[in-house]
Amino acid sequence: MDSLAAVNWPAYETEALNAVGAALSEQELDEARVKYLGRKSELAQALRGVRDRESGILLNGIRSKLEAAVAARETELTRLANEHAAEAGVDVTIPGTPIGRGRLHLLTQIRREIEDIFLGLGYEVYEGAEVSTVWENFDALNADPAHPSRSKTDTFYIDDDTVLRTQTSPDQIRAMQAKTPPIYLVSPGRCYRRDTPDATHSPTFLQVECLAVDRGITLADLQGTVLKFFRTLFGAEREVRMRTSNFPFTEPSVEFDVTCFICGGRGCPVCKHSGWIEMGGAGWVDPNVFRNVGLDPSEWQGFAFGFGIERIAMLRHGLPDLRAFWENDLRVLGQF
Ligand code: PHE
């Protein structure tokens, strides 16, 4: 019992269990195991010297407890290591945070739809310019020099000769100056007028301009194109009617209506019970406009029409307020 007497075994056991429990890595655990259980440990040496059963039971009991503690600590350290790896993003099976999918703005969707219809008719999509000369936006379009729409209270002037375009019609002028006919183009874009925003007015809005210049085209081509366009956009049963109107750059000029695509023409609040919805303006390109861009009106004929994109979106989806398009409330925009 000499070897037993030299050591306080309950204290040895407590010290060893504490060291094992405090090990923070495989290496620390191994150091504790070597120190208290290894071949040169006091426990191993004592066990080698055991001669009596009582001491054997005591020391083997301590050894079993320590071995169990080392195994338990090992399992625990492995679990902690896996947990850290998962925290560092290693576990690819953990579900991610969902990210909301974006989508195109309703007005962009409709603009693209319109472009596709015209591309299908053999037209090109033309990109005009939001900044326009006074000449392109008014003079070349045959506008009356005294017309009130030219005033600084109606139009945004950048300087005396430059404005933010008030309509997409100046794109007709730019295109005819840049290209040689035949010309078949559609030009969607942003326009600006000095309007106070309310449910039906906005200082900025989107228009689409359509221009066809060729030899031997007639007003029937205009009617057929407008009809084809609205039937593709709003359904094959739609009809189009034209009423005489007045624009400086077209002669004759018309405004066109389409049979209501909500009630089919029977009459409802959207069409104000008339069965028809006003869509835009159109006409035969005025000879003065051709002369202004250096084209001979006896050689070339053409038609133009223009309409607003917001109006189409509002009517189609029953949106009561124009401001919804630029307030960017995702609860509204997310519905389309
Ligand atoms: N530019 C006109 C407007 O803003 C619409 C239009 C376009 C009329 C082309 C005739 C031809 O009201």
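**Around the ligand and into the sheets**

Mentor: Let's start at the ligand in this predicted model. One of its nitrogen atoms is 2.9 Å from an N or O atom in the side chain of Ser169.

Trainee: What makes that pair with Ser169 a polar contact?

Mentor: Set the value against the cut-off: a polar contact is a pair of N or O atoms within 3.5 Å. The Ser169 pair is at 2.9 Å, so it counts as a polar contact. Gln167 also has a polar side-chain atom 2.9 Å from a nitrogen atom of the ligand.

Trainee: And why does Arg193 pass the test for a polar contact?

Mentor: Its polar side-chain atom lies 3.3 Å from an oxygen atom of the ligand, and the limit is 3.5 Å, so Arg193 passes. As for cover, the ligand taken alone exposes 330 Å², and the protein buries 88% of that. S6, S9 and S10 are the elements that give two or more residues to the shell around the ligand.

Trainee: Which element gives the most to that shell?

Mentor: S10, with three residues. The shell has 13 residues, and Gln167, Ser169, Arg193, Gln207 and Glu209 come nearest. By class, five are nonpolar, six polar and two charged.

Trainee: Where does S10 sit among the strands?

Mentor: In an open sheet of seven strands with the order S1-S5-S6-S10-S9-S8-S7 and mixed pairing. Strand S1 (124-125) and strand S7 (240-247) are the edges: each has a single partner strand, so one side of each has no neighbour in the sheet.

Trainee: How do you know that S6 and S10 are paired?

Mentor: Two strands pair if there are at least two bridges between them. S6 (residues 204-214) and S10 (residues 301-308) run antiparallel and are joined by eight bridges, so they meet the rule. As an example, Ala212 has Phe303 in S10 as its bridge partner. Helix H11 (residues 309-317) lies across S6, S9 and S10, at about 50° to S10.

Trainee: What makes up the other sheet, the one with S2 and S4?

Mentor: Three strands, in the order S2-S4-S3, with antiparallel pairing; this sheet is open too. Its edge strands are S2 (131-133) and S3 (157-159), each pairing on one side only. Neighbouring strands here are turned by 35° against each other on average, direction ignored.

Trainee: Why do S2 and S4 count as a pair?

Mentor: They have three bridges in the antiparallel sense, and the rule asks for at least two, so they count. In S4 (residues 162-164), Leu164 is the bridge partner of Val131.

Notes. Residues numbered from 1 in each chain as written. Predicted model: local features only at pLDDT ≥ 70, side-chain atom pairs only at ≥ 80, totals over all residues. Heavy atoms only, no water. Helix = DSSP H or I, 4+ residues; strand = E, 2+ residues; numbered from the N terminus. Axes fitted to C-alpha atoms, helices over the stretch in contact; angles between N-to-C directions. Contact = heavy atoms within 4.5 Å. Near = heavy atom within 4 Å. Polar contact = N/O pair within 3.5 Å; in protein donor to acceptor, adjacent residues only side chain to side chain. Areas by Shrake-Rupley, 256 points an atom, 1.4 Å probe, with all protein chains shown as cover. Nonpolar A, V, L, I, M, F, W, Y, C, P; charged D, E, K, R; others polar.
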